[in-house]
Amino acid sequence: MWKTGRQGINYLQQLNAANFHTALLEKGQNRVMEASLTLIRERAKLKGELVRALGGAKASTSLLGVPLGHNSSFLQGPAFAPPRIREAIWCGSTNSTTEEGKELKDPRVLTDVGDVPVQEIRDCGVDDDRLMKIISDSVKLVMEEDPLRPLVLGGDHSISFPVVRAVSEKLGGPVDILHLDAHPDIYHAFEGNKYSHASSFARIMEGGYARRLLQVGIRSITSEGREQGKKFGVEQYEMRTFSRDRQFLENLKLGEGVKGVYISLDVDCLDPAFAPGVSHIEPGGLSFRDVLNIIQNLQADVVAADVVEFNPQRDTVDGMTAMVAAKLVRELTARISK
């Protein structure tokens, strides 16, 4: 499927180079993009109406998949993650209740509006500038259906830029971001790609979409990563000092004076002993309970979140990392929904 998709993109690029009916091609691309947004709009509207009819929800988590992997610098497997995460969420080996007792089968706690059809859009020759706008617009469509709040399933980490941009623009101001990751993802333009998964937080900070950015779990960082962090005033907490920082990080209070808090959770923040199914295996990471303690003890109004960089193609045969990613989604849902 992936090879076929790449062939389609290359063919359309050849047509563009030959100036083959450019206006006709653009009209077709616009139809596909509008159809993609229509699908998300109508699904979000349906789920929003259901939640409002049931009543009693001030905030309700809604899953939105963004199966994008082409901005990965190493492997593109994260594009296949959203369906694997969904499958694991509803796996019969566990129940549908979060640790604090919220029932995921209650639509007021969790709904799902489906996926942005990334590959279908790219097959039409749509470039990344327009694709990122489609992702942002899709997030805004979810947020328009109060009380829905988006929990986005990646995908590689490049999706965080258009998602955070949408959240900030929709809420009318910057948010605080809690970013858990082995890497700071703040290169100016990694390997010349401004939308690289290693550059997403540079785009976020340049755009003024975040007031505070706290990066936790860092253990693979270059001099550029540190320089960029200083440039943007990022609070970087590296694993080499985690034992010293633990008490502070497990009792965070964020979001005062801004529009809320966004959590971006790269699965490789975890030590590979807990989550081997990632593209960039980096030993010496957080334990699963470390991550849950940080999330569960966080004092904040969590307005949106993402879970990214799970790579099913590197997972164990029993789907261990899929279950880990699903558990993270479940517990983030518990923080968002109220």
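The legends below describe the whole protein chain and then several close-up views of a predicted model.

Residues are numbered from 1 along each chain as its sequence is written. Because the model is predicted, local features need pLDDT of at least 70 and side-chain atom pairs count only at pLDDT 80 or more, while totals for chains, interfaces and linings use all residues, and side-chain values use heavy atoms, with hydrogens and water left out.

**Figure 1. Overview of the protein chain, with 11 helices and eight strands.** Helices (H or I, at least four residues) and strands (E, at least two) are DSSP runs, numbered from the N terminus. The radius of gyration, taken over C-alpha atoms, is compared here with a globule rule of 2.2 Å times the number of residues to the power 0.38. For the protein chain this radius is 19 Å, close to the 20 Å that the rule gives for 338 residues, so the chain is as compact as a globular protein of that length. Along the principal axes, the C-alpha atoms fill a box of roughly 60 × 50 × 45 Å. Of the 338 residues, 59% count as buried; buried means under 20% relative accessible area, exposed over 50%, and partly exposed in between (1.4 Å probe, protein chains only). A contact means heavy atoms within 4.5 Å. Among contacts between residues at least 6 apart in sequence, 79% join residues at least 24 apart.

**Figure 2. Surface and charges of the protein chain.** The chain exposes about 13900 Å², of which carbon and sulfur atoms supply 51%. Such areas come from the Shrake-Rupley method with a 1.4 Å probe; for residues, only the protein chains shown count as cover. The chain carries 41 positive and 45 negative charges, and the mean positions of the two sets are 3 Å apart. Lys and Arg count as positive and Asp and Glu as negative, whereas His and the chain ends are not counted. Each charge is placed at NZ of Lys, CZ of Arg, CG of Asp or CD of Glu.

**Figure 3. Close-up of S96 in the loop between α3 (81–89) and β2 (110–115).** S96 is buried, with a relative accessible area of 10%. The side chains of S96 and E103 are joined by a polar contact of 2.5 Å. A polar contact is a pair of N or O atoms within 3.5 Å; within protein, one must be able to donate a hydrogen and the other to accept it, and residues adjacent in sequence count only if both atoms are side-chain atoms. Not counting residues up to four places away in sequence, S96 touches W90, K102, E103, L104, K105 and R330.

**Figure 4. Close-up of P83 in helix α3.** P83 is partly exposed, with a relative accessible area of 36%. P83 and G65 are 18 residues apart in sequence, and their C-alpha atoms are 8.3 Å apart in space.

**Figure 5. Close-up of two cis peptide bonds.** Most peptide bonds are trans. A cis bond joins D146 and P147, with omega about 15°. P147 is found in the loop between α5 (128–144) and β3 (148–154). The peptide bond from G154 to G155 is also cis, with omega near 10°. G155 lies in the loop between β3 and α6 (160–171).

**Figure 6. Close-up of the loop between β4 (175–180) and α7 (200–206), which holds D185.** Most residues other than glycine have a negative phi. D185, although not a glycine, has a positive phi of about 50°. D185 counts as buried at 8% relative accessibility. E191 lies in the loop between β4 and α7, and phi of E191 is also positive, near 55°. E191 is exposed, with a relative accessible area of 63%. I186 has its place in the loop between β4 and α7 and counts as buried at 1% relative accessibility. I186 and H197 are 11 residues apart in sequence and 9.0 Å apart in space, C-alpha to C-alpha. Leaving aside neighbours within four places in sequence, I186 has contacts that include A198, F201, G225 and F232.

**Figure 7. Close-up of N311 in the loop between β8 (302–308) and α11 (320–336).** N311 counts as buried, at 0% relative accessibility. The side chain of N311 makes a polar contact of 3.1 Å with the side chain of S279. Leaving aside neighbours within four places in sequence, N311 is in contact with L75, G77, P78, G277, V278 and S279.
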